[in-house]
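Me: I should like to go through the terms used for this model and ask what each of them rests on. Please set each value against its criterion.

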Amino acid sequence: MIMHHVQLDNYNTFGIKSRARKLFTFDQTEELQEYIRSNDKSPGSVVVLGGGSNVLFTDELRTTVLHPANRTITVEEETPTEVTVRAGAGVVWDELVNFALDHGYHGIENLSMIPGHCGAAPIQNIGAYGTELCEVFEKLQAVDLNTGNTVIFTSPECEFGYRNSVFKTRARGQYCITDIYLKLSKLPRFNLEYGALQATLDEMGVATPDLWDVSKAVRHIRSSKLPDPGKTGNAGSFFKNPVIEKTFYESLQKRWPDMPCYKISETHVKVPAGWLIDKAGWKGFRYGKAGVHDKQALVLINLGDTTGKEVLELARKIREDIYQHYGIELQAEVNIWDRHGRHIEL
Ligand code: FAD
Ligand code: NAP
């Protein structure tokens, strides 16, 4: 279905008022292939939008927005211990989590309540509470936006990294993911190492948790800390947690002894960007109608009718200040779109 001059307010969780010149919503892969083969293929002529929970529009979109709507979940293969589940790009991620919980499939319960659609999950290798998509990911099918051909990407071909994949680097904007395939376990396999998770299960009085308990604990923590996009527009963590050299971290620690870090390798550590922003005094800060969330400084919020440009200005001010404070360059995790849906660097 093609619609023209579409208001995008309900297509992005930031609640930014923007419009798309054209919105093409499709269910079947063949519909997309036909569209690609019979329309303008110049760079910037199309862009893919899922649930809009990780984008910031800074302008009206003078491009065609492709919106996958296939919401089918199927079990493709099954052994006594594992299943391969296929989900269409339009399946709401949390519906897939609930499907897994209902059927007793382990592996994505820590990723409960992450907004967005399945087609976008590989883009930044979604992660939370010590689990990342890549741990259960088998493969995906995508359509090449230049040729209209389908192509399979295996896990190594996706080049997954920390909140990263090939689709955010050298293949950015080149493919529309149509289906993802996840390998889930039928055997109990929990990852409760993330501090707050075990502590919450303890508070819930659960000694031997099942899938539902873990999901419930995750949902409980998330609801207590993160703004509900239905009430306060936001796109989750605006910045990535920076990964820095251990020796650099040690020099910072002399000045900020309580600066947290998590080991990434023998030479590198991850520093929570939320801590850096909070300690620099930004928590709760307001800039016009944009702001910094008062419970989690990593999240920028829409205080009502902000614009993408205003949020971007705020993000740039924070980035500059963090650099002045600590010498660390923050990078955006959110995809910041110009009028052609091309990513703008901070
Ligand atoms: P969109 O915002 O629509 O798109 C994001 C990017 O993916 C865009 O560049 C878009 O072009 C591209 N894209 C979308 N669909 C496709 C497709 N089918 N094919 C090719 N490219 C596509 N993320 C985490 O990792 N962990 C979290 O815990 C987490 N918590 C969040 C909490 C809140 C309150 C919010 C608002 C966001 C959170 N996020 C989190 C970020 C976001 O939910 C994820 O990145 C999610 O996967 C985005 O899905 P989406 O469908 O909304 O993608
Ligand atoms: P938190 O628990 O307050 O922790 C702050 C940061 O420290 C997190 O970013 C996390 O990194 C890191 N951290 C905490 N414990 C860790 C451990 N045991 N090992 C490694 N790193 C650890 O974070 P939060 O804001 O409440 O978020 C909770 C989880 O949900 C996090 O995993 C976070 O990534 C995820 N989340 C993501 C988004 C998003 O938009 N991307 C939004 C909300 C929440 P990691 O981020 O690497 O886990």
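Me: What makes β17 and strand β18 (residues 290-292) a pair?

Reply: In this predicted model, β17 and β18 are joined in the antiparallel sense over 2 bridges. Pairing requires at least two bridges found by DSSP, so the 2 bridges of β17 and β18 satisfy the criterion. As for the residues concerned, Tyr287 has Ala290 of β18 as its bridge partner.

Me: Why is β17 called an edge strand?

Reply: The open sheet has 4 strands in the order β13-β19-β18-β17, with antiparallel pairing. Its edge strands are β13 (233-237) and β17 (286-287), each of which pairs on one side only.

Me: Which helix lies across β17, β18 and β19?

Reply: Helix α8 (residues 308-326) lies across these strands, β19 being residues 299-302. The helix runs at about 35° to β18.

Me: Why is α4 described as roughly perpendicular to α5?

Reply: Helix α4 (residues 195-203) and helix α5 (residues 211-225) pack at an angle of about 110°, and their axes are 9 Å apart. Angles of 65 to 115 degrees count as roughly perpendicular, and therefore α4 is roughly perpendicular to α5. On the α4 side, the contact is made by Ala196, Leu197, Thr200 and Leu201; on the α5 side, by Asp213, Val214, Ala217, Val218, His220 and Ile221.

Me: How many residues of each class make up the contact of α4 with α5?

Reply: The contact comprises 7 nonpolar, 2 polar and 1 charged residues.

Me: How do you know that Gln124 makes a polar contact with ligand 1?

Reply: A polar side-chain atom of Gln124 lies 2.9 Å from an oxygen atom of ligand 1. The limit is a pair of N or O atoms within 3.5 Å, so the pair formed by Gln124 and ligand 1 qualifies. Polar backbone atoms are also involved: one of Gly52 is 2.9 Å from an oxygen atom of ligand 1, and one of His117 is 2.8 Å from an oxygen atom of this ligand. Of the 32 residues around ligand 1, those that come nearest are Val48, Gly50, Gly51, Ser53 and Arg222.

Me: What makes the approach of Lys270 to ligand 2 a polar contact?

Reply: An N or O atom in the side chain of Lys270 is 2.5 Å from an oxygen atom of ligand 2. This distance is within 3.5 Å, so the pair counts as a polar contact. Lys270 is also one of the residues that come nearest among the 17 around ligand 2, together with Arg163, Lys225, Gln296 and Glu333. A polar side-chain atom of Asn241 lies 2.8 Å from an oxygen atom of ligand 2, and for Tyr129 a backbone N or O atom lies 3.0 Å from an oxygen atom of ligand 2.

Notes:
Residues numbered from 1 in each chain as written. Chains lettered and ligands numbered in written order. Predicted model: local features only at pLDDT ≥ 70, side-chain atom pairs only at ≥ 80, totals over all residues. Heavy atoms only, no water. Axes fitted to C-alpha atoms, helices over the stretch in contact; angles between N-to-C directions. Parallel < 35°, antiparallel > 145°, perpendicular 65-115°, else oblique. Contact = heavy atoms within 4.5 Å. Nonpolar A, V, L, I, M, F, W, Y, C, P; charged D, E, K, R; others polar. Near = heavy atom within 4 Å. Polar contact = N/O pair within 3.5 Å; in protein donor to acceptor, adjacent residues only side chain to side chain.
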